[in-house]
Amino acid sequence: MSESTTAPTEPGRITGVPILLDGVTKRYGSKSAPAVDHLTLEIPAGSTVMFVGPSGCGKTTTMKMINRLIEPTEGSIVIDGEDVTTMNGDDLRRRMGYVIQAGGLFPHMTVAANIGLVPKMLGWDKQRIAERVDELLELVSLDPDSYRDRYPKQLSGGQQQRVGVARALAADPPVLLMDEPFGAVDPITRQRLQDEMISIQNELRKTIVIVTHDIDEAVKLGDWVVVFDEGARIQQYDSPERILAEPANDFVSDFVGSGAGLKALGLTRVNEMPILDAVVVTPEDSPTTAVQKAEAAGHGHVVVLDRARRPIAWPSVAQLRRATALPTRYEPDLPIVGMGATLEDALDTMLVSRAGAALVVGPRGRFEGVVDIDTVMQSLRDNRGAADTGRSPVGTNDAEARIEVAPDTGEITLITPDQVGTGRGRYDDGAAEPSRSDADEGSDSTALPQTSGERP
Ligand SMILES: Nc1ncnc2c1ncn2[C@@H]1O[C@H](COP(=O)(O)OP(=O)(O)OP(=O)(O)O)[C@@H](O)[C@H]1O
């Protein structure tokens, strides 16, 4: 496992390491049914993997075995190629961030002392700890001067949670484990914390495992989502898009619930869609010129822009024919969406305005083009298409499956009983790979991506 470092990271560079649960079982006491049953699960470096499933299915037990707060009964946990099953648990935990509900802060310690806890244990000097505390407070959007000397009870729930994230990141661990991290805050704060987590992860690219009971949170934050049933039996391990568009079985579709198509709309942003051109005019143009321009382009509307290219109005050709001048006042109900808005937001705006389309604006409200319902619907269909060809990391509860690690490359291959020793090597772009269900049925051997957490 990598040593911790405080060197600033290049944005987008993977700083996480791969995790492999290799045939892991947990039995509590003499109970016959295991809480986790022969779980083999690969968590690619730099990816965010969400554990979801009904209460008691074994999500938390699985996660706590990664930092050995719970000891596996059988199997091993391999982190960055190192079997950590026998290493000292305290040493292991100092090298992994851990975030629990409501932040889990020590109430008698200031924010700075809470965040600096692990660096202090690791023997950092005071100056270095102080600098790190301020850097992390900024990362989680808390002003260091206002917050470093406060006590947890002087913070809101959302702020406590932010400090919890900062504390977990203090020694720059390659792995972050989060147990229902946003469960104790109100929905709006929760959404804000989720958005912040996405931008922090875009910058840091840690390997993050998050336990949640909330499928919406899972599809929003996860590069990959594992849907577990009792005994941590994997029902599906896939991209959020495929969990929504192609649930592997009834269990998953029941868990995802109704409105999966609408949830998919929340995954795509306007800037990922084709944006349509529009005819643009300024208030100084005459209505006749505007009509001529619209007709020449075969458009039914024109967009009137101010000097800073911000939309003022969006009249139709019929309205222009009746007008004596172009509008100069900003129309209050213009359907406008930002480039970063989700398709769900865009659709809301279009439906409310009844325009069937919305004006897209970029930085400083500058007009970029138009997005319409047809484009949104096409994007949904494309998502379904993409769902057929993507590839996923592999997980299985097959007790007979075993893992082979190539000594030179560290490449991992899952070998199932009826096809031993024929690993295919790393995934190549465009290579046809078996779907997860093939692997589950024990009919194939499948290479596991080791270094990239990128979605297909
Ligand atoms: N310390 C323990 N002793 C005995 N049984 C336990 C213990 N901890 C968990 N279990 C049992 O193991 C199973 C899995 O529990 P776990 O907490 O991992 O589930 P979970 O999916 O995280 O559930 P939840 O969403 O309710 O937190 C459950 O049946 C639970 O009752």
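## The overall picture

Let's start with a head count: 17 helices and 20 strands make up the regular parts of this protein. Keep in mind that you're looking at a predicted model. The protein has 456 residues, and 42% of them count as buried.

How does the chain meet itself? Take the contacts between residues at least 6 apart in sequence: 66% of these join residues at least 24 apart.

## An antiparallel sheet

Now find the open sheet built from five strands, which line up in the order β5-β4-β1-β2-β17 with antiparallel pairing. The edges belong to β5 (82–83) and β17 (395–396); each has a single partner strand, so one side of each is left without a neighbour in the sheet.

Further in, β1 (residues 19–26) pairs with β2 (residues 36–43) through five bridges, again in the antiparallel sense. If you want a spot to zoom in on, try V24, which sits opposite L39 in β2. Helix α1 (residues 59–66) packs on this sheet, where it touches β1, β2 and β4 (74–79). The direction of α1 makes about 125° with that of β1.

## A covered strand with parallel partners

Next, look for β7, residues 175–179. Is this strand mostly covered or mostly open? It is mostly covered, with five of its five residues buried. In a regular strand, side chains alternate between the two faces of the sheet. You can follow that pattern here: V175, L177 and D179 point one way from β7, L176 and M178 point the other way, and all are buried.

Which strands pair with β7? One of them is β6 (residues 96–100), which runs parallel to β7 and is joined to it by five bridges. Within that pairing, G97 stands opposite L176. Another is β8 (residues 207–211), also paired with β7 in the parallel sense over five bridges. There, L177 has V209 as its bridge partner. To get from β7 to β8, the chain passes through helix α8 (residues 187–204), and this β-α-β crossover is right-handed.

## Around the ligand

Finally, which residues are around the ligand? They are Y28, A35, G53, S55, G56, C57, G58, K59, T60, T61 and H213. Sorted by character, this shell divides into three nonpolar residues, seven polar ones and one charged.

Notes:
Residues are numbered from 1 along each chain as its sequence is written. This is a predicted model: local features need pLDDT of at least 70, side-chain atom pairs count only at pLDDT 80 or more; totals for chains, interfaces and linings use all residues. Helices (H or I, at least four residues) and strands (E, at least two) are DSSP runs, numbered from the N terminus. A residue is buried if 20 or more other C-beta atoms lie within 10 Å of its own, exposed if 12 or fewer, and partly exposed in between; C-beta atoms are placed from the backbone. Two residues are in contact if their C-beta atoms, placed from the backbone, lie within 7 Å. A residue is near a molecule or strand if its C-beta atom, placed from the backbone, lies within 6 Å of it. Ala, Val, Leu, Ile, Met, Phe, Trp, Tyr, Cys and Pro count as nonpolar, Asp, Glu, Lys and Arg as charged, and the others, Gly among them, as polar. Two strands pair if DSSP finds at least two bridges between them. Axes are lines fitted to C-alpha atoms, for helices over the stretch in contact, and angles run from 0 to 180 degrees between N-to-C directions. A crossover is right-handed if, with the strands pointing away from the viewer, the path from the first strand over the helix to the second runs clockwise.
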